[in-house]
Amino acid sequence: MRRAMLIALVAGSLLASAHRASASLPHFSSGTSVGEGVPLKAYATLTPQVHLFGDVVTAKLAVVADTKWVDPERLHVSTDFTPYKAIRRQQRTSISIGRFQQVTWTWTLRCITTECVPRAPPSELFHIFRFQAIHIEYLTLTGKRQYGIDATWPKVQVVSQVSPSVATFLAKTNHLSWRFHISPVAAPTYRVSPGLLFWLSFGAGIAMLLIASAFGWRWYRLMRPRKAYAPGEAAGTPLERALAVLAWAHARGDETLERKALERVAGELGVETPEPEVDELSRTARELAWSSRSPEDEEVETFAERARGTGRPSEEGDA
């Protein structure tokens with residue numbers, strides 16, 4: 001019985017496969033390439049008109065126009081397929097032969113929501129939908145409606161995928177024989193506890209942050225080193241600092257630094273105590289600095305003591 005019903009419905013759909021739009025168009029007495037003196041005609045089809053729940057349906061709208069009176073680029077189409085949804089982007093194709101041009105819009109549709117499930121009455125396993133009418137408008141160059149026509153979609157019938165025998169069984173027993181158990185859902189199992197994994201990840205993140213901070217601080221110290229003072233260097237006058245460097249270099253046997261320190265002391269003696277009595281001491285410092293032999297310990301210590309004695313009166317005078 002169900003097969004006979006499907007055959008009858010398919011035969012009916014083939015007999016009325018194309019629904020021409022009702023016309024409300026201007027009439028051209030000189031004639032048009034589409035006939036009847038109208039500038040355009042529209043045809044709407046749905047394939048298949050009878051389908052099983054969840055199957056794909058193709059909707060096509062073909063508009064044929066006389067390009068002498070119609071610019072196909074200025075055609076605007078609006079329609080609605082609720083509750084069906086488009087599963088692909090709308091396609092638009094065009095064919096031209098002389099003044100005749102056909103523009104076709106194609107939609108690929110499917111409905112898998114409860115609205116498309118055949119359910120009432122229980123003895124009938126199909127559901128019929130009639131989509132909203134199609135509005136085809138011809139626009140002016142400024143985008144305003146100049147004229148338009150409406151077209152109707154043929155009805156579409158959704159048939160349940162439940163066979164008549166299964167439907168009869170359900171009606172009599174009100175029992176579903178599930179092939180797969182969907183409840184109760186087993187509790188999830190984990191290889192590692194989610195809580196433990198969270199705290200391990202958190203601890204690892206903190207450790208990485210500390211390591212990165214340590215490397216960053218080391219890089220900062222290398223790029224921006226603090227001001228370093230020479231060992232033994234003390235705050236005071238330039239002469240006192242030069243004498244401190246001299247003592248440090250002499251104690252460690254650094255002859256090169258010792259000679260440089262003697263030259264520095266000679267220069268500072270002339271700056272801090274510009275008096276005739278220090279000229280001899282300044283000359284002694286330069287002789288030791290440029291001597292071909294290494295200065296003896298006694299010479300350096302005696303010179304340093306005399307230089308400190310020369311600087312003290314100046315420091316006391318400044319105080």
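Here's a quick briefing on the cores and charged pairs in this structure.

This is a predicted model: local features need pLDDT of at least 70, side-chain atom pairs count only at pLDDT 80 or more, and totals for chains, interfaces and linings use all residues. Residues are numbered from 1 along each chain as its sequence is written, and side-chain values use heavy atoms, with hydrogens and water left out. The protein has seven helices and twelve strands (DSSP runs numbered from the N terminus: H or I of at least four residues for helices, E of at least two for strands).

**Overall**
- Of the 319 residues, 29% are buried (buried is under 20% relative accessible area, exposed over 50%, partly exposed in between, with a 1.4 Å probe and protein chains only).
- Take contacts (heavy atoms within 4.5 Å) between residues at least 6 apart in sequence: 66% of them join residues at least 24 apart.

**Nonpolar cores**
- The largest nonpolar core (buried Ala, Val, Leu, Ile, Met, Phe, Trp, Tyr and Cys residues joined through side-chain atoms within 4.5 Å) has 35 residues, and Leu40, Leu61, Tyr84, Trp107, Ile136 and Trp153 have the most contacts inside it.
- Strands giving two or more residues to this core include S2 (40-47), S8 (100-110) and S10 (134-139), while S4 provides the largest share, six residues.
- Leaving aside neighbours within four places in sequence, Ile136 touches ten-strong company that includes Leu61, Val63, Tyr147 and Ile149.
- A second, separate core of 17 residues includes Leu243, Leu262, Val265 and Phe303.

**Salt bridges**
- There are six salt bridges (a side-chain nitrogen of Lys or Arg within 4 Å of a carboxyl oxygen of Asp or Glu).
- Asp66 pairs with Arg99, their closest N and O atoms being 2.4 Å apart. Asp66 lies in strand S4 and Arg99 in the loop between S7 (91-97) and S8, so the pair ties together parts 33 residues apart in sequence.
- Asp66 is buried at 0% relative accessibility, whereas Arg99 is partly exposed at 38%.

**Helix H5 and its charges**
- Glu255 and Arg259 form a salt bridge (2.9 Å, N to O), and both lie in H5, four residues apart, about one turn of the helix.
- Glu263 bridges to Arg286 at 3.5 Å between the closest N and O atoms. Glu263 is in H5 and Arg286 in H6 (residues 279-290), so parts 23 residues apart in sequence are tied together.
- Glu258, also placed in H5 (residues 255-272), is buried yet has no salt bridge; Arg259, the nearest side chain of opposite charge, is 6.6 Å away (Lys and Arg count as positive, Asp and Glu as negative; His and the chain ends are not counted).
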